[in-house]
Amino acid sequence: MAYSVLVPLAEGFEEIEMIVPVDMFRRAGWNVVTASIGQVSLTATRQTHHLADSEWGEASQQEYDIVYLPGGQPGATHLLQFPPLLDYLQNHYQKGGWLAAICAAPLILIEAGIIDEKTPFTLHPAHRQDAKDYAWTEERVVVHQKLITGMAAGIAPELTFRIFNEITGNQELSESVNAGLHFPKGFIS
């Protein structure tokens, strides 16, 4: 089954946290839409230039199976300060949609009221002070109900395999995608 994925982007997103999962989702045959909350042309954290597939307004008119939030600064802060995204995330999660966030992006889910003080999640160690009253853990990847969080950029492939495994209920898709990538077997379990 081909799942649909929305990837909201803002100026200053972390390249690895966007490119690796989007690449892997597309290798899996999933329908991915990257949607900019500003201009379609974006500069990422390391000054690389990217074109989003769509602007937010157009992309947000559809429903998706999963919304994936890359982190990076100031990209995650820009997303956190964009009320239409926060509303979309709340509505998506309330309808039973999957959410995934990495690095600083779990802070967006706190702002949206999806992660509360008792929700287990992980985020980049540099942002733990921003979440001091919440139940973050030092795990690399945390799954709670239909919420999947990853710690940092270096975990992007592992997080993506975990998304595949949780959504499909098995490792077959991860193994298929990894056949062309050759990540260590530990990444796909």
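Which residues of S1 lie on one side and which on the other, and are they buried or exposed? Select strand S1 (4–9) and take a look: Ser4, Leu6 and Pro8 sit on one side, Val5, Val7 and Leu9 on the other, and all are buried. Buried here means under 20% relative accessible area, exposed means over 50%, and partly exposed is in between, with a 1.4 Å probe and protein chains only. Strands and helices are DSSP runs numbered from the N terminus, with at least two residues (E) for a strand and at least four (H or I) for a helix.

Before moving on, a word about what's on your screen. This is a predicted model, in which local features need pLDDT of at least 70 and side-chain atom pairs count only at pLDDT 80 or more, while totals for chains, interfaces and linings use all residues. Residues are numbered from 1 along each chain as its sequence is written, and side-chain values use heavy atoms, leaving out hydrogens and water.

**Stop 1: out from S1**

Stay on S1 for a moment. Six of its six residues are buried, so S1 is largely enclosed by the rest of the structure. Now add S2: six bridges join S1 to S2, and the two run parallel. (Two strands count as paired if DSSP finds at least two bridges between them.) Click leucine 6 and you'll find valine 33 of S2 opposite. Leucine 6 also stands opposite valine 67 in S6; S1 and S6 run parallel too, joined by two bridges.

Bring in helix H1 as well, and you have a right-handed β-α-β unit made of S1, H1 and S2. Right-handed means that, with the strands pointing away from you, the path from the first strand over the helix to the second runs clockwise.

**Stop 2: the whole sheet**

Show all the strands in this order: S5-S2-S1-S6-S7-S9-S8, an open sheet of seven strands with mixed pairing. The edges are strand S5 (54–55) and S8, each pairing on one side only. Helix H1 (residues 15–27) packs on this sheet and touches S1, S2, S6 and S7, with its direction at about 155° to that of S2. Touching is contact, meaning heavy atoms within 4.5 Å. Helix H4 (residues 83–94) packs on the sheet as well, touching S1, S6, S7, S8 and S9, and its direction makes about 140° with that of S6. For these angles, axes are lines fitted to C-alpha atoms (for helices, over the stretch in contact), and values run from 0 to 180 degrees between N-to-C directions.

**Stop 3: around S9**

How many bridges join S7 to S9? Four, and strand S7 (residues 98–102) runs parallel to S9. Pick alanine 100 to see isoleucine 148 of S9 opposite. Next, select S8 (residues 141–144) with S9 (residues 147–150): these are antiparallel, and four bridges join them. Histidine 144 stands opposite leucine 147 in S9. The hairpin of S8 and S9 has two residues between the strands, and glutamine 145 there takes a positive phi near 55°.

**Stop 4: the loop after S6**

Jump to glycine 72, in the loop between strand S6 (66–69) and helix H3 (75–80). Glycine 72 counts as buried, at 6% relative accessibility. Leaving aside neighbours within four places in sequence, glycine 72 is in contact with Gly12, Phe13, Glu14, Glu17, Thr45 and Cys103. Proline 74 is in the loop between S6 and H3 too, and the peptide bond leading to proline 74 from glutamine 73 is cis, with omega near 15°.

Follow that contact to cysteine 103, in the loop between S7 and helix H5 (106–111). Its phi is near 65°, a positive value in a residue other than glycine. Cysteine 103 counts as buried at 9% relative accessibility.

Now try glutamine 47, in the loop between strand S3 (41–43) and strand S4 (49–51). Phi of glutamine 47 is near 65°, and this residue is exposed, with a relative accessible area of 55%.

**Last stop: threonine 122**

Finish in the loop between H5 and S8, where you'll find threonine 122, buried at 0% relative accessibility. Which backbone oxygen does its side chain reach at 2.8 Å? That of glutamate 139; the side chain of threonine 122 also reaches the backbone oxygen of threonine 137, at 3.1 Å. Beyond its neighbours within four places in sequence, threonine 122 has contacts that include Pro106, Arg128, Val141 and Met151.

Note on methods:
Polar contact = N/O pair within 3.5 Å; in protein donor to acceptor, adjacent residues only side chain to side chain.
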